[in-house]
Number of protein chains: 2
Amino acid sequence: MTAEIRNIKLTIAYQGTRYSGWQRQKDTPTVQETIEETLSDIVGHQTKIQGASRTDAGVHAEGQVANFLVESCPIPTEAFAAILSGKLPPDIAVRESVEVPLNFHASGTAIHKTYIYRIYTGHPKDVQLYNLRWQVEYPLDLNAINAAAKFLIGTHDFQGFTSAKDTRENAVRSIMNAHAWWSADASELLFMIQANRFLYMMVRNIVGTLVEIGRNRWPAEKVAQIIASQDRTQAGPTAPPHGLCLKVVEYLKNSASTLDTQARIGDK
Amino acid sequence: MTAEIRNIKLTIAYQGTRYSGWQRQKDTPTVQETIEETLSDIVGHQTKIQGASRTDAGVHAEGQVANFLVESCPIPTEAFAAILSGKLPPDIAVRESVEVPLNFHASGTAIHKTYIYRIYTGHPKDVQLYNLRWQVEYPLDLNAINAAAKFLIGTHDFQGFTSAKDTRENAVRSIMNAHAWWSADASELLFMIQANRFLYMMVRNIVGTLVEIGRNRWPAEKVAQIIASQDRTQAGPTAPPHGLCLKVVEYLKNSASTLDTQARIGDK
């Protein structure tokens, strides 16, 4: 049994449909609470986890990241992923568990996050995957969407793409990548966006705006105008949560990499 | 407004996850009840529908069939599909609505039904599609499964593949087709089975048995032995409901085809 404290980073996938989002709330099931309860059972005492991203109700994840501290626990770090996946409900899995430095915080030290938004433009009502994609009834112009997405890239004040509920004083964010493509069978438009951090509702407000542009209701330059206006009322409607999936959260090497194994051999 | 009675056949798709199966029950949501309530709202009075197949809780459909009688209703037959799809929840859609002879019964006159069962054999826990496929942790031998499936084809007493709950006296059914194949990326094994009628739990008991054979725990001939034994305790475990989807229900031309339009012009 190791007596020292370990900081363990989890990479987590979930289908968000049954949950009221990531963050723990009263009287409604959340992903955080579900994992914390399972984890507490495994380690034998109440354990809190810190998530990288507070995904909304109905939003999915393939690469959510969370970390937790554990002391005097006989379970090897790498075993947490399989043990948690085995005990969690079928819609939550832990893909990886690695040890990270004690100063690693899943929410604080991320360098960028990547989301994918799925839009289904096929005609029949999409019942089998209704909770994984936004069904849009109109044909979408991919070139127009990608021309508009180019205006997002760079460091801008994204006040115009957030929601009133976000009270953080500073809305300046850096978008490294934003582009869309058709799925192999051309029935589904996928949109990828990568930024250092996101504001509340930012991806969904961007997607809602891009769909208006893809329908040729607005020109691609509308995105630049919304950014310049810093006025939320200029942007399109908020896209629904269920098309959104948090794909990856990346960290600086020195904060997120596993600890040097050599340095720890003496402890084991 | 047409004053006469019409018998209308619906082709229905649903994700069964949120429902306690097709058939109306007390105090729990079912697909039948959900459609009946929406339909009753549309036509303005209580309306019952007859389904072709009583799918279990969690089982999906792409081609469930149901019919209902409607009298003195101004809504054109073909419009029911779109009107119902628009008002139903996102996990139920009506693909088609056509008029059929008054003696058509969705459950009574079907000539065969086709089910598809999806088995995911990839390694990571399958969270995004957990409710659409059965995740099996072992590699499966497709040739063994198809060799076993051949023993199913034909007219046999399938008592050995039903469940005690099925009290119909006669378990003789005719299977026209039963075979499995890998999906394009080889992560998913699909099994198709077509029969004149199915017994309670029959497809899921067959799939559970085929997986035992695919794991090389039993020889392919085990299927012939189970049929000969007429003993349910000989078969494998019941596969879970969520991998199963009712694909198609087919009818004899003269019972299910739309009525001759010419014959009805005088009524409109």
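Which residues are buried in helix H3 of chain B? Here are some notes to help you find your way around this predicted model.

1. **Helix H3 of chain B.** Let's take that opening question right away: in H3, which covers residues 142-150 of chain B, the buried residues are Ile145(B), Ala148(B) and Ala149(B). Looking down the axis of H3(B), you will find its buried residues within an arc of 100°, so they line one face of the helix.

2. **What lies over that face.** The cover on the buried residues of H3(B) includes one strand of chain B, S8 (172-182). Helix H4 (202-214) and helix H5 (222-229) of chain B are also among the elements that cover them.

3. **Chain A as a whole.** If you turn to chain A, you can count seven helices and ten strands. Its C-alpha trace spans about 65 × 40 × 35 Å along the principal axes. For 268 residues, a compact globule would be expected to have a radius of gyration near 18 Å; chain A has 20 Å, which agrees.

4. **Burial and contacts in chain A.** Of the 268 residues in chain A, 41% are buried. It is also worth seeing how contacts are spread along the sequence: among those in chain A between residues at least 6 apart, 72% join residues at least 24 apart.

5. **How the two chains are related.** In general, two copies of a chain are related by a rotation about an axis and a shift along it. Here, chain B is superposed on chain A by a rotation of 180° with 0.0 Å of shift along the axis, and the RMSD is 0.0 Å. The two copies are thus related as by a two-fold rotation axis. To locate this axis from chain B, start at Leu129(B): its C-alpha is the nearest to the axis in that chain, at 4.3 Å.

6. **Where the chains meet.** At the interface, 16 residues of chain B are in contact with 16 residues of chain A. On the chain B side, the elements giving two or more residues are strand S1 (5-14) and strand S4 (92-100). S4(B) gives the most, with three residues. Sorted by class, this side of chain B has nine nonpolar, four polar and three charged residues.

7. **One surface, used by both.** A last point for your tour: 100% of the interface residues of chain B are also interface residues in chain A, so the copies meet through the same surface.

Notes
Residues numbered from 1 in each chain as written. Chains lettered and ligands numbered in written order. Predicted model: local features only at pLDDT ≥ 70, side-chain atom pairs only at ≥ 80, totals over all residues. Buried ≥ 20, exposed ≤ 12 C-beta atoms within 10 Å, placed from the backbone. Helix = DSSP H or I, 4+ residues; strand = E, 2+ residues; numbered from the N terminus. Arc of directions from axis to C-beta. Contact = placed C-beta atoms within 7 Å. Rg over C-alpha atoms; globule rule 2.2 N^0.38 Å. Least-squares fit on C-alpha atoms with pLDDT ≥ 70 in both. Nonpolar A, V, L, I, M, F, W, Y, C, P; charged D, E, K, R; others polar.
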